[in-house]
Amino acid sequence: MEKEQILTEIQIEDISQSGEGIGRYQGMAVFIPGAMPGDIVSAEIVKQKKSYAIGRLIEITALSPDRIPADCEYFGSCGGCTFRSISYEAELALKEKQVRNKLMRLSGIKEPNLKPIIGMKEPLRYRNKAQFPVRAGRPLEKDGRDIACGTPYIGFYARSSHELTDIDDCLLQNRVAVTLAEVLKQFMREMYITAWDEKRKQGLLRHLIVKTAESTGEVMVILVINGKEIPHVQKLVEMLDDAAYEAGYSLESVILNINQEKTSCITGEKYITIAGKETIFSECMGLKFEISPAAFYQINTVQTEVLYGKVMEYAALSGSETVFDLYCGIGTIGLIAADQMREKIRRKCGFDDYENMGRVYGIEAVKGAVIDANRNAVINHLVNAEFIYGKAEEKIGELLNGYTDRDGFFVRGKKPDIVIIDPPRSGCDSRLLTAVMKAMPQRIVYVSCDPATLARDAKLLGEHYELVETTPVDMFPRCNNIETVSLFMQHR
């Protein structure tokens with residue numbers, strides 16, 4: 001193949017991790033954005049590598065039988081969704097296939113026990129966190145002159161770029177988030193508030209982040225600014241509060257995040273509460289969780305309970321286990337496990353038998369999340385859970401072998417019966433997996449947001465553990481991401 005070569009009658013067989021259709025020409029893979037499995041297309045080669053090529057879609061000569069009309073006017077220009085032009089059933093089948101192929105190809109498991117993917121009944125407006133870039137658009141005139149950072153655009157980036165698509169609605173976001181974005185646009189136009197210009201590295205408003213607790217109706221707004229304050233900010237708070245109330249929600253927290261860096265980092269380190277509380281509350285599986293501005297919380301409220309339910313099923317708690325919760329975040333999984341063990345002991349004994357009740361030990365590298373986790377334990381009256389600050393691969397040794405606490409007392413090491421791991425997209429540090437295998441827990445429950453790193457880690461765990469079962473859970477409908485829960489047990 002050569003650059004600018006036109007290929008015709010390319011059968012699209014699969015889809016890549018980033019959403020491009022994959023076809024083949026003379027045995028070589030060709031990645032074509034905008035093409036879907038089942039399409040037959042013509043494409044122009046725009047980049048040639050040793051083992052693959054990238055093409056520009058020219059024409060779809062035969063449509064996939066799974067194609068449907070896109071239900072969003074921004075699909076194609078906005079990079080948020082991958083699957084708006086195929087049926088949801090076809091999307092789920094592709095995601096399940098993706099998990100199976102990665103496990104077979106990268107972990108060496110010939111026939112993984114993959115359970116059917118669990119999809120959403122209503123795969124619309126499921127995101128409880130919206131993250132909108134705010135950028136300068138058309139020049140804005142004031143007193144006969146143009147303001148450099150012009151009319152605000154609030155929306156999402158095109159795929160693989162920082163070109164912003166200005167939107168009025170998004171079918172992934174809940175309605176209150178979209179409403180508050182429109183309110184911010186109105187305020188910025190009325191009060192001549194400048195938007196961030198990436199090229200000039202100037203302008204005040206950089207991002208709008210909206211966190212919504214669907215279970216309680218509480219909303220947090222985070223305004224990321226290149227400065228120290230927003231002029232007329234009290235007027236903005238009142239406008240946001242009124243709009244949230246009309247949408248059926250309660251604006252409980254308005255936060256400024258100070259980001260004066262010239263990089264593309266979304267947030268800075270400093271958060272300032274300018275109205276309401278510092279946190280909002282959400283509920284999950286009968287527990288209350290306090291969410292701070294920087295805390296990670298699963299973005300799909302409905303599917304989170306499905307995901308965590310599967311984690312508890314695989315953990316198969318009796319009530320007396322020692323559980324390690326690694327990469328624990330704000331403690332959601334670990335506290336649910338602690339609560340279930342407490343309830344099982346109560347049913348057995350009729351009271352809280354702390355001597356025989358199991359305990360959870362969580363480790364997390366984000367200090368604020370550890371503070372949130374321990375506070376969430378107090379909020380839910382769970383005395384059988386403790387969360388430790390530090391990198392999981394470094395702190396697990398202390399947890400296993402014992403350590404001296406801040407008061408100078410030696411704390412004996414713990415031997416886990418069950419280890420729950422929920423790592424970032426990059427997967428686990430190999431040192432962590434080595435330490436876990438040496439500890440020899442009966443079960444390892446592994447939550448993954450990337451089938452490739454799951455497969456890589458499954459191969460390493462395969463030295464001592466069998467991958468018994470994996471269940472994909474669709475946490476991100478219409479997007480090309482998939483979450484999985486896997487159960488590993490010791491080789492017999």
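**Notebook: strands, a sheet and its helices**

I started with the hairpin: β5 and β6 form one, with 3 residues between the two strands. I am working from a predicted model here.

**Entry 1, around the hairpin.** I looked up how the two arms pair. β5 and β6 (residues 52–62) run antiparallel and share 8 bridges. I picked one position to check by eye, and I45 stands opposite G55 in β6. Then I turned to the other pairing of interest. Strand β1 (residues 6–11) also pairs with β5 (residues 40–48), in the antiparallel sense over 4 bridges. For a landmark there, I noted that L7 has A43 of β5 as its bridge partner.

**Entry 2, the open sheet.** Next I traced a sheet of 7 strands. I read its order as β20-β19-β18-β23-β24-β26-β25, open and with mixed pairing. I asked myself which strands stand at the edges. They are β20 (385–389) and β25 (465–473); each has a single partner strand, so one side of each is left without a neighbour in the sheet. I also looked up the turn between neighbouring strands, which is 15° on average with direction ignored. Inside the sheet I followed one pair: β24 (residues 443–448) and β26 (residues 483–490) run antiparallel and are joined by 6 bridges. In that pair I found R443 opposite M489 of β26.

**Entry 3, the helix on the sheet.** I then asked which strands α5 touches. I listed β18 (322–326), β19 (359–364), β20, β23 (418–421) and β24, and α5 packs on the sheet through them. The direction of α5 makes about 175° with that of β19.

I checked the length of α5 (residues 332–349) as well. Its 18 residues, at 1.5 Å a residue, should span 26 Å, and the end C-alpha atoms are 26 Å apart, so the two agree. Buried residues in α5 include T332, I333, G334, L335 and I336. Further along, A337, A338, D339, M341, R342 and I345 are buried too. I kept a reminder beside that list: an α-helix has 3.6 residues a turn, so residues three or four places apart point the same way. Just after α5, I noted that G350 takes a positive phi of about 85°.

**Entry 4, two helices together.** Last, I looked at α1 (residues 88–106) against α9 (residues 451–461). They pack at an angle of about 35°, with axes 8 Å apart, and their crossing is right-handed. From α1, I found Q98, V99, K102, L103 and L106 meeting P451, A452, L454, A455 and K459 of α9. Sorted by class, this contact of α1 with α9 holds 7 nonpolar, 1 polar and 2 charged residues.

Definitions and conventions: Residues are numbered from 1 along each chain as its sequence is written. This is a predicted model: local features need pLDDT of at least 70, side-chain atom pairs count only at pLDDT 80 or more; totals for chains, interfaces and linings use all residues. Side-chain values use heavy atoms; hydrogens and water are left out. Axes are lines fitted to C-alpha atoms, for helices over the stretch in contact, and angles run from 0 to 180 degrees between N-to-C directions. A crossing is left-handed if the near helix is turned anticlockwise from the far one by less than a right angle, and right-handed if clockwise. Contact means heavy atoms within 4.5 Å. Ala, Val, Leu, Ile, Met, Phe, Trp, Tyr, Cys and Pro count as nonpolar, Asp, Glu, Lys and Arg as charged, and the others, Gly among them, as polar. Two strands pair if DSSP finds at least two bridges between them. The expected span of a helix is 1.5 Å times one less than its number of residues. Buried means under 20% relative accessible area, exposed over 50%, partly exposed in between (1.4 Å probe, protein chains only).
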